[in-house]
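Colleague: I am new to this one. Could you take me through it by question and answer?

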Amino acid sequence: MRARLVTEVAGIVEASVEQVWQVLAGAPAEQGTTVEPDRHTITHQGGWWYRGEWTLSPHPDGTRVVHRVYDVAESMRWCVRPANRFFIGFRERTREGFAARLGVIARRLGCACRVT
């Protein structure tokens with residue numbers, strides 16, 4: 001499968017990787033979700049073209065959280081851009097959704113967070 005990165009956003013949660021992982025991995029999983037605890041990665045395969053990945057890694061201020069969206073269409077790749085209105089505003093909506101989710105995690109842990 002040839003994946004093409006569509007967008008990436010990152011942020012910092014001022015808590016340990018294990019604390020952030022417990023909150024992120026403890027959320028109800030949607031169908032198509034794979035949890036890889038040894039890599040601190042959660043992958044969600046949605047529809048025919050979308051794969052989203054959340055990855056955690058240590059950071060001097062706590063935990064770096066990265067969310068990447070990939071185009072993984074195996075057929076009709078040419079349809080992905082028009083089907084998504086050429087991704088106009090997609091990065092901004094992804095960043096807003098990411099910031100909101102980071103905020104939920106930080107509130108649950110009683111710490112600060114920021115999108116970088």
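Modeller: Start with one contact between side chains: Glu36 and Arg39 meet in a salt bridge, with N to O at 2.7 Å. Keep in mind that this is a predicted model.

Colleague: Is Arg39 in that pair buried, partly exposed or exposed?

Modeller: Glu36, its partner, has 22% relative accessibility and counts as partly exposed. For Arg39 the relative accessible area is 49%. Exposed would need over 50%, so Arg39 is partly exposed.

Colleague: Which parts of the chain does the pair of Asp61 and Arg114 tie together, and how many residues apart are they?

Modeller: Asp61 forms a salt bridge with Arg114, with the closest N and O atoms 2.8 Å apart. Asp61 lies in the loop between E4 and E5, while Arg114 is in strand E6, so the parts tied together are apart in sequence by 53 residues.

Colleague: Which residue is linked with Asp61 and Arg114 in a network of salt bridges?

Modeller: Asp61 is partly exposed at 38% relative accessible area, and Arg114 is partly exposed at 34%. The network that links these two also includes Glu14.

Colleague: How many residues apart are Arg68 and Glu8?

Modeller: The side chains of Arg68 and Glu8 meet in a salt bridge at 3.0 Å, N to O. The pair links distant parts of the chain, with Arg68 in strand E5 and Glu8 in strand E1. Their separation in sequence is 60 residues.

Colleague: How many salt bridges does the structure hold?

Modeller: The pairs described here include Arg68 with Glu8 and Asp61 with Arg114. For the structure, the number of salt bridges is six.

Colleague: Why is there no bond between the sulfurs of Cys113 and Cys111?

Modeller: The structure holds zero disulfides. Cys111 is in none, and its nearest cysteine sulfur is that of Cys113. A disulfide needs the sulfur atoms within 2.5 Å. The sulfur of Cys113 is too far from that of Cys111 for a bond, because the distance is 7.0 Å.

Colleague: What span does helix H3 reach from its first C-alpha to its last?

Modeller: H3 covers residues 90-109, which makes 20 residues. At 1.5 Å a residue, 28 Å is expected. The span in the model is close to that, at 29 Å.

Colleague: Is Thr94 buried or exposed?

Modeller: Thr94 is found in helix H3. Leaving out residues up to four places away in sequence, Thr94 touches Thr7, His67 and Val69. Its relative accessibility is 12%, and the cut-off is under 20%, so Thr94 is buried.

Colleague: What covers the buried residues of H3?

Modeller: The buried residues of H3 include Phe90, Phe98, Leu102 and Ile105. Among the elements that cover the buried residues are helix H1 and the strands E1, E4, E5 and E6.

Colleague: How far apart in space are Pro37 and Trp21?

Modeller: Pro37 lies in the loop between strand E2 and strand E3, and it is partly exposed at 48% relative accessibility. In sequence, Pro37 and Trp21 are 16 residues apart. C-alpha to C-alpha, their distance in space is 8.3 Å.

Colleague: Where in the chain is confidence lowest?

Modeller: The chain has a mean pLDDT of 86, and 84% of its residues reach 70 or more. Confidence is highest in E6, at 98. Where pLDDT is low, the predicted coordinates should not be read in detail. The lowest mean, 61, belongs to helix H2.

Notes:
Residues are numbered from 1 along each chain as its sequence is written. This is a predicted model: local features need pLDDT of at least 70, side-chain atom pairs count only at pLDDT 80 or more; totals for chains, interfaces and linings use all residues. Side-chain values use heavy atoms; hydrogens and water are left out. Helices (H or I, at least four residues) and strands (E, at least two) are DSSP runs, numbered from the N terminus. The expected span of a helix is 1.5 Å times one less than its number of residues. Buried means under 20% relative accessible area, exposed over 50%, partly exposed in between (1.4 Å probe, protein chains only). Contact means heavy atoms within 4.5 Å. pLDDT is the predictor's confidence in each residue, from 0 to 100. A salt bridge is a side-chain nitrogen of Lys or Arg within 4 Å of a carboxyl oxygen of Asp or Glu.
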